[in-house]
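Ready for a few short exercises at the bench? Have a look at the sequence and the fold, then work through the tasks at your own pace.

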Amino acid sequence: MATLAPAELVRVAGTFRSSGTMAKSRARTAVIGVPTAYAVITGLALAVAASGHFTPKRLLPWGAGLFWPGVALGTGVALVAAEFALGAVPKLLRGVRRLRLVTQVHPLTGPGYLTAVLFTAVAEELLYRGIWIGVLEQGLHLSTWAAVCCAAVGYALGHLFFGGFTVLQKVLSGAVFGLLLVTSGSMLIPVLAHLIQNLTVHALAVRQVARL
């Protein structure tokens, strides 16, 4: 819970503003608050591990051959489609026929927001894949696949602010990122896949907002 609550609390706190300052508050939360929260959480988690002379082994390997970056690229794009398809299900059941990508993506399109999105992606992978999976495997002696699933659920719960269906979408993405880490043996691969996913979503969101 210590690694989940701070980023969620930052998002929730950003909603307690008057209507006149709501947009600015959400912008600050997206660009500054959430990335800062993840940076602090990840840094503290690493400091606690280091103080106990414990290094999560999943954090260490970053080398990868030419094959795996291509897999990361394809996976990142495929996850955008998979999350969109999953999120479309309840809307289609309600009779909505005009589906849009950005209902949960912040409409900010500036370089500051893009930088924050990419920084958060890296921090999330270090935290939920590198640290969580490493600790669950080495510290609690869970099987690799159980650790991957637990980390995926933890990662998804970090998006609870956006609603239940977003949590389901992020369970899917989190499990895939974990599988990439385990099968490739490199922390670089899930990081790349997450960055590609966020870049793709951001590019599509910018295009959609421009056409509204």
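Below are four exercises on this predicted model, each with a worked solution.

**Exercise 1.** Work out how helix 5 and helix 6 are oriented towards each other, and which residues make their contact.

*Solution.* Start with the two elements: helix 5 covers residues 144-157 and helix 6 covers residues 164-184. Their axes come within 8 Å and cross at roughly 140°. Angles over 145 degrees would count as roughly antiparallel, so helix 5 is oblique to helix 6. Next, take the handedness: helix 5 passes helix 6 in a right-handed crossing.

Now list the partners. Helix 5 contributes Thr144, Trp145, Val148, Ala152, Val153, Tyr155 and Ala156. On the side of helix 6 they meet Val167, Lys170, Val171, Ser173, Gly174, Ala175, Phe177, Gly178, Leu179 and Val182. Sorted by character, the residues of this contact between helix 5 and helix 6 are twelve nonpolar, four polar and one charged.

**Exercise 2.** Do the analysis again for helix 4 and helix 6.

*Solution.* The axes of helix 4 and helix 6 come within 11 Å, with a crossing angle of roughly 60°. Helix 4 and helix 6 are therefore oblique to each other. Helix 4 passes helix 6 in a right-handed crossing. From helix 4, the contact uses Glu125, Arg129 and Ile133; from helix 6, it uses Gly174, Phe177, Gly178 and Leu181. Sorting the residues of the contact of helix 4 with helix 6 gives three nonpolar, two polar and two charged.

**Exercise 3.** Is Thr120 buried or exposed, and what does Thr120 touch?

*Solution.* First, place the residue: Thr120 sits in helix 4. Then check the accessibility: Thr120 has a relative accessibility of 10%, and the cut-off for buried is under 20%, so Thr120 counts as buried. Finally, look for neighbours: leaving out residues up to four places away in sequence, Thr120 touches Val34, Pro35 and Tyr38.

**Exercise 4.** Describe the surroundings of Gly139, from its place in the chain to its contacts.

*Solution.* Begin with the location: Gly139 lies in the loop between helix 4, residues 111-138, and helix 5. Its relative accessibility is 41%, so Gly139 counts as partly exposed. Now look across the chain: Gly139 and Pro56 are 83 residues apart in sequence, and their C-alpha atoms are separated by 8.9 Å. To finish, list the contacts: not counting residues up to four places away in sequence, Gly139 touches Phe54 and Gly134.

Technical notes: Residues are numbered from 1 along each chain as its sequence is written. This is a predicted model: local features need pLDDT of at least 70, side-chain atom pairs count only at pLDDT 80 or more; totals for chains, interfaces and linings use all residues. Side-chain values use heavy atoms; hydrogens and water are left out. Axes are lines fitted to C-alpha atoms, for helices over the stretch in contact, and angles run from 0 to 180 degrees between N-to-C directions. Helices (H or I, at least four residues) and strands (E, at least two) are DSSP runs, numbered from the N terminus. Angles under 35 degrees count as roughly parallel, over 145 as roughly antiparallel, 65 to 115 as roughly perpendicular and the rest as oblique. A crossing is left-handed if the near helix is turned anticlockwise from the far one by less than a right angle, and right-handed if clockwise. Contact means heavy atoms within 4.5 Å. Ala, Val, Leu, Ile, Met, Phe, Trp, Tyr, Cys and Pro count as nonpolar, Asp, Glu, Lys and Arg as charged, and the others, Gly among them, as polar. Buried means under 20% relative accessible area, exposed over 50%, partly exposed in between (1.4 Å probe, protein chains only).
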